[in-house]
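Q: Could we go through this structure together? I would like to start with the overall fold and then turn to the side-chain links.

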Amino acid sequence: MFTSVKSKISPIVAAAVAVASPVGVSANEIALTLANQDISFVGSFAGFEDGAYVILVDGQEWRVPAVLVTCKGEACFETVTASTGS
């Protein structure tokens with residue numbers, strides 16, 4: 001799933017949406033930052049489906065897997081991973 005997101009991000013688009021960690025976002029805005037990257041998507045929260053955030057950035061809908069990003073904003077979900085106990 002990451003490859004489909006990665007393939008949609010051209011260097012120009014990544015540069016356009018790359019921002020430093022935002023100080024704050026409005027109630028409907030979220031900031032998704034790719035793990036181990038300096039790339040963030042800041043936009044309007046549009047939903048959470050199949051383990052992915054749906055975010056509107058400049059009128060385009062992006063589906064970003066929650067396990068690949070950290071999220072800042074009131075609309076963020078806490079992701080839980082299953083562990084195998086001993």
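The conversation below covers the sheet, the salt bridges and the disulfide.

Q: Before we begin, what kind of model is this?
A: This is a predicted model, in which local features need pLDDT of at least 70, side-chain atom pairs count only at pLDDT 80 or more, and totals for chains, interfaces and linings use all residues. Residues are numbered from 1 along each chain as its sequence is written, and side-chain values use heavy atoms, with hydrogens and water left out.

Q: In what order do the strands of the sheet run?
A: The order is β4-β3-β2-β1-β5, five strands in an open sheet with antiparallel pairing. Strands are DSSP runs of E with at least two residues, numbered from the N terminus, and two of them pair if DSSP finds at least two bridges between them.

Q: Which strands stand at the edges?
A: Those are β4 and β5 (69-72); each has a single partner strand, so one side of each is left without a neighbour in the sheet. On average, neighbouring strands of this sheet are turned by 45° against each other, direction ignored; the axes are lines fitted to C-alpha atoms.

Q: And how many bridges join β2 to β3?
A: Five bridges join β2 to β3 (residues 52-57), and the two run antiparallel. In this pairing, S44 stands opposite L56 in β3.

Q: Changing topic, how many salt bridges are there?
A: The structure holds two, a salt bridge being a side-chain nitrogen of Lys or Arg within 4 Å of a carboxyl oxygen of Asp or Glu. One is formed by E49 and R63, at 2.8 Å from N to O. E49 lies in β2 (residues 40-49) and R63 in β4 (residues 60-65), so this pair ties together parts that are 14 residues apart in sequence.

Q: What about the bridge between R63 and E61?
A: The closest N and O atoms of R63 and E61 are 3.1 Å apart. Salt bridges that share partners thus join E49, E61 and R63 into one network.

Q: How accessible is R63?
A: R63 is partly exposed at 41% relative accessible area, where buried means under 20%, exposed over 50% and partly exposed in between, with a 1.4 Å probe and protein chains only. E61 is also partly exposed, at 48%.

Q: Last topic: which cysteines form the disulfide?
A: C71 and C76 do, with sulfur atoms 1.9 Å apart; a disulfide is a pair of cysteine sulfur atoms within 2.5 Å. The link is left-handed, with -70° about the S-S bond. C71 is partly exposed at 22%, and C76 is partly exposed at 23%.

Note on methods:
Helices (H or I, at least four residues) and strands (E, at least two) are DSSP runs, numbered from the N terminus. Axes are lines fitted to C-alpha atoms, for helices over the stretch in contact, and angles run from 0 to 180 degrees between N-to-C directions.
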